[in-house]
Amino acid sequence: MIRYLRLWRQFVVLALVRQAEYRLNFLVSVGVGFAQLALAVLTFLLLYRFTNDVAGWSRAQVLLLLGIYRIVEGLLSLQIAPNLRAIDEAIRRGDMDFLLLRPVSSQFLVSLRLLSPAELVNVLIGIALTICAGNLAGVRWGAGNIAEALAYGLCGLVLLYAVWFLIVTCAFWLVQVETLHELFVTVSLTAQYPVDFFRGDVRTFLTFVVPVAFATTFPTKALLGTVQSRLLPIGLVLAGTALLATHLFWGYAVRHYSSASS
Amino acid sequence: MKARALGRLTAMNVMLTLEYRAAVSVFILNSVARPVISLLIWLTVSDQGVRLPYGRGQLVTYYVVLGVVSMLTATWLDETLPQHIRLGGLSPWLLRPAPYVFYYISENLGQKLVNLSTLLPLVLVVAFAFRADLRLPTSPLPWLIFAASLPLAMAIRFLLELVLCSLAFWVEDVEGVLALQSVLGAFLAGQYIPLALFPPSLSGFLDAQPFRYTLSFPLEVLMGTLSAGALASGFAWASGYCLVLWCCCRLPWRSGLRAYSATGA
Amino acid sequence: MTAIDVSDLGKTYRYHHKDPGLRGSLSSLFRRQTLEKCAVVGVSFAVEAGAVVGFLGPNGAGKTTTLKMLCGLLYPSHGAAQVLGFTPSRREPAFLRQISLVMGQKAMLWWDLPAMETLLLHKEMYSIPSGQFRQTVDDLAELLDVGPLLRVQVRKLSLGERMKMELLTALVHRPAVLFLDEPTIGLDVVSQQRVRDFLRQLNREQGTTILLTSHYMADIEALCPRVLLIDQGRLHFDGSLATLVERAAPPKLLSAVFARPVPDAAIAAALNGLPLQPTDDPLRIRVAVPREQTAAVAERLLHAGRLADLSIEDVPVEAIIRGIFSETATGGGLQ
């Protein structure tokens, strides 16, 4: 366990060293993140020009959710996205061979070895927005609801990782996975909105199939004190099961892997 | 001869795209999914009884057709051209008898042909799901005018990206500029929210700016929300932008190519 | 002690066939023809600990596939392999800690970082104690003469330097078995020599079992007392290089330069039916002569005319091997 933590720390160091090389890239990442946030805020402002309440959510509450979305999305882009996007290229180029040869869990390596430090800025912006909007929405900041929100958020992150990972593992069989990434990213865009904005069947889909609800809606509701407490154990069980599923599927995929010709 | 070359290049690009069969269908799914998400949000608002500039019918029509038009006018130059310029990928095309820009046009058309073949069935599925509210013109004239607005839309987007890509001859990182243009342009074109839903004080500016003609204008034509006068002035603006952009293209490309060949990339 | 034990190991790949042209692309959307390729038919051999063995074979022979099955990267279609007492395809951490793979055409080093960073990563992955790590890095860096390059970005190194870094990185955890796939490919002659010298020294001093594949004859000649000849997925020969050459019974190359032109008939008589190889110079002849006839033909040539120069050489090993491969390709073999 400690070994894996030390290994992860080394990944962080490598990522920082690399990021220092690509300063312009850093600025572009931050710029794009900023632009996307501005776009989302503008969208909501336009939406709320016509009404003060959409599906029971006020403007301040929706901006609070947006802040949380920024944090979650930032964390995904920081740690998960660079790795999952690199899997199919690693397979094509044959780098996967080396990853499978190390005496360390290959799923761990393949999921966590790359980081995008620039995204940390987006996470911080998200935190700032969360605090501002939270105050506007009348959130009573306390250890209880913050911890609850964090728990939901963690479930959501793990679930999103699992779904994305399962999709991407198909890279062992499909030629091009680039657009599968886009499909996942598109669906996870719905995390910007409260699931209550969607119809019943879509809401169920977004809670249990691609669980964006756990990633943003439930943490927001936890902070606001309006979440149903039975959802948390469900979320934890789902997260655990999903993680197990990734482990099993990855093992299966690797067994059928025929590495790129020399 | 040039037409044949273009035809052959397009066919080859179609083949390349078909190779990745799973990928094609998923990309298309994507172009349909995003507008549907936006539509669902606006319908939720509308169903609450809120009065919007667009009724249910118009919202549905707008977002259902959005995917097709957006795809037809799309450009992917930013994925390949700056890199080609930087790393010398332009060279083989400079040696061939057909103008280099043919490669990029054919690549564009090839991709679109394939995308369209998988996009249309999906759009039909979505259209069927929302058929109760879909309001498409029944007479041929609006469709013809709509068809006429599409080439202008395609040209504006293509030329704009061509101009920006030419910066790659002198600037190291053009991708950032292109990304910004892409995000901003999409917003101003009505990709996420119909321009009619923006604050009325901005309508003058929004109607005149070039991005409107890459997406929103064709959709407005189809939805029948434009008067004859508005149609005429719209086409005038669109053609004007095409001309201006085409002129803007020539100088940077000519001098850029000269510099490119001089350094022997 | 046997380090590697292989018994009837085989691997078959499945791939798709596509007709050319647009119609082919369209039809492949609906129906794909799946074909099988047998990369390795069934090989059996054993390697003692501390041995250096070379896999020789043309491209596509199955060398790399066999190697990858021994590393555990590929799941064999049939047969069994044991490396250091482990079944490679199970890829147990205890097994992976004791082996290492270097591929000439693929790099394991992180491209835009100095090699030292990747080494530190390996230190964590293989749980190497700090003291041992420092010592090993210093020793290897000195042997390979790359000390000052450890802190230079890998992409700024030359191909030869990069290869040495790859070797260093692969050996930092002191594996018992080292697998090398085309390690000298693309390197200049000097670098190739250095790499071979290093590997020889490594084997001598550390007792590392080395298994390498190559289609460069020079690698095999310099390093491997034992050669496994693989072609079309089958093992055609297992033994020393000298035995291989002997079995192939290659001819000798005879080259003679006459002082004055000699009539063709006289030459033909001396050669007794052996075909001449074409030469630019009318005074020079070249001919491949079966070993047993060499002395007789040479004597007859001496009597055919006045010789200015006569040389008798061995056919280069390269050509011998090529000859064997073309024979195995047509279904022939070694006698």
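This tour moves through chain A, then chain C, and ends where the two touch.

Keep in mind throughout that the coordinates on screen belong to a predicted model.

**Stop one: chain A.** Select chain A and colour by secondary structure, and you will find 11 helices and 0 strands; followed from the N terminus, every element in the run is therefore an α, as the order α-α-α-α-α-α-α-α-α-α-α shows. The radius of gyration of chain A comes to 19 Å, close to the 18 Å that the globule rule gives for 262 residues, so chain A is as compact as a globular protein of that length. If you draw a box along the principal axes, the C-alpha atoms of chain A fill roughly 60 × 40 × 35 Å. Colouring by burial next, you should see that 42% of the 262 residues in chain A are buried. For contacts in chain A between residues at least 6 apart in sequence, 81% join residues at least 24 apart.

**Stop two: chain C.** Now hide chain A and select chain C, where the secondary structure consists of 12 helices and 13 strands. How is chain C divided? Selecting residues 2-246 gives domain 1, and selecting residues 251-314 gives domain 2. Placing a marker at the C-alpha centre of each domain of chain C, you will find the two centres separated by 45 Å. The radius of gyration of chain C is 25 Å, whereas a compact globule of 335 residues would have a value near 20 Å. Along its principal axes, the box that the C-alpha atoms of chain C fill is roughly 75 × 60 × 45 Å. With the burial colouring applied here too, 36% of the 335 residues of chain C count as buried, and among the contacts in chain C between residues at least 6 apart in sequence, 73% join residues at least 24 apart.

**Stop three: where A touches C.** Show both chains together and select the residues in contact, which number 21 in chain A and 26 in chain C. Which helices of chain A should be highlighted on this side? Both α1 (2-21) and α4 (95-101) of chain A supply at least two residues each to the side that touches chain C, and α1(A) gives the most, with 8 residues. Finally, colour the side of chain A that touches chain C by residue class: 8 of its residues are nonpolar, 5 are polar and 8 are charged.

Methods:
Residues are numbered from 1 along each chain as its sequence is written. Chains are lettered from A and ligands numbered from 1 in the order in which they are written. This is a predicted model: local features need pLDDT of at least 70, side-chain atom pairs count only at pLDDT 80 or more; totals for chains, interfaces and linings use all residues. Two residues are in contact if their C-beta atoms, placed from the backbone, lie within 7 Å. Helices (H or I, at least four residues) and strands (E, at least two) are DSSP runs, numbered from the N terminus. Ala, Val, Leu, Ile, Met, Phe, Trp, Tyr, Cys and Pro count as nonpolar, Asp, Glu, Lys and Arg as charged, and the others, Gly among them, as polar. Domain bounds come from an automatic or database domain assignment. The radius of gyration is taken over C-alpha atoms; the globule rule is 2.2 Å times the number of residues to the power 0.38. A residue is buried if 20 or more other C-beta atoms lie within 10 Å of its own, exposed if 12 or fewer, and partly exposed in between; C-beta atoms are placed from the backbone.
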